[in-house]
Amino acid sequence: ADDTASGRRLCRPNLAKALAFATDWHAAYLEAAPIVRRQLNQAIFKKIYIDDVQHVTSELEGPFETLL
């Protein structure tokens, strides 16, 4: 029971931070350093495809595929 309460205390602030960050991905991406942009891309996208006429499609990573 103690571990569950401790987990909830950690989960709520982390979830709040994640949701605040996720409210404006575009701004976060633009402000991020190149290494962080790469990490964001890797966290969100499984694959990104660009064809010969610059048409872009993608496969999302698990959590984002479920949410989006």
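What pattern does the protein chain follow, read along the sequence? The order is α-α-α-β-β-α. This is a predicted model. Four helices and two strands make up that count of elements. The radius of gyration is 16 Å, well over the 11 Å that the globule rule gives for 68 residues, so the chain is more spread out than a compact globule.

**Overall dimensions and exposure**

- The C-alpha trace spans about 55 × 25 × 20 Å along its principal axes.
- Buried residues account for 7% of the 68 in the protein chain.
- The chain exposes about 5900 Å². Carbon and sulfur atoms supply 59% of that area.
- Take the contacts between residues at least 6 apart in sequence: 3% of them join residues at least 24 apart.

**The β hairpin**

- Strand β1 covers residues 45-50, and strand β2 covers residues 56-60.
- The two strands run antiparallel, and five bridges join them.
- Within this pairing, I48 stands opposite S58 in β2.
- Five residues lie between the strands of the hairpin.
- Q54 takes a positive phi in this hairpin, near 65 degrees.

**A nonpolar surface patch**

- Which residues form the nonpolar patch on the surface? They are I48, I50 and V56.
- Together these three have about 290 Å² of accessible area.
- V56 has its place in strand β2.
- I48, the patch member that stands opposite S58, ties this surface feature to the strand pairing described above.

**A43 and its surroundings**

- A43 is found in helix α3, which covers residues 34-44.
- Is A43 buried, partly exposed or exposed? A43 is partly exposed, with a relative accessible area of 41%. That value falls between the 20% limit for buried and the 50% limit for exposed, which is why A43 is classed this way.
- Leaving aside residues up to four places away in sequence, A43 touches E61 and F64.
- A20 is 23 residues from A43 in sequence. Their C-alpha atoms are 17 Å apart in space.

**In brief**

- The chain has four helices and two strands, and the strands pair in an antiparallel hairpin.
- The surface carries a nonpolar patch of I48, I50 and V56.
- A43 in helix α3 has contacts with E61 and F64.

Key:
Residues numbered from 1 in each chain as written. Predicted model: local features only at pLDDT ≥ 70, side-chain atom pairs only at ≥ 80, totals over all residues. Heavy atoms only, no water. Patch = residues over 30% accessible without salt bridge, like charges linked within 9 Å, V, L, I, M, F, W, Y side chains within 5 Å. Areas by Shrake-Rupley, 256 points an atom, 1.4 Å probe, with all protein chains shown as cover. Salt bridge = Lys/Arg side-chain N within 4 Å of Asp/Glu carboxyl O. Pairing = 2+ DSSP bridges. Rg over C-alpha atoms; globule rule 2.2 N^0.38 Å. Buried < 20%, exposed > 50% of the residue type's maximum accessible area, 1.4 Å probe, protein only. Contact = heavy atoms within 4.5 Å.
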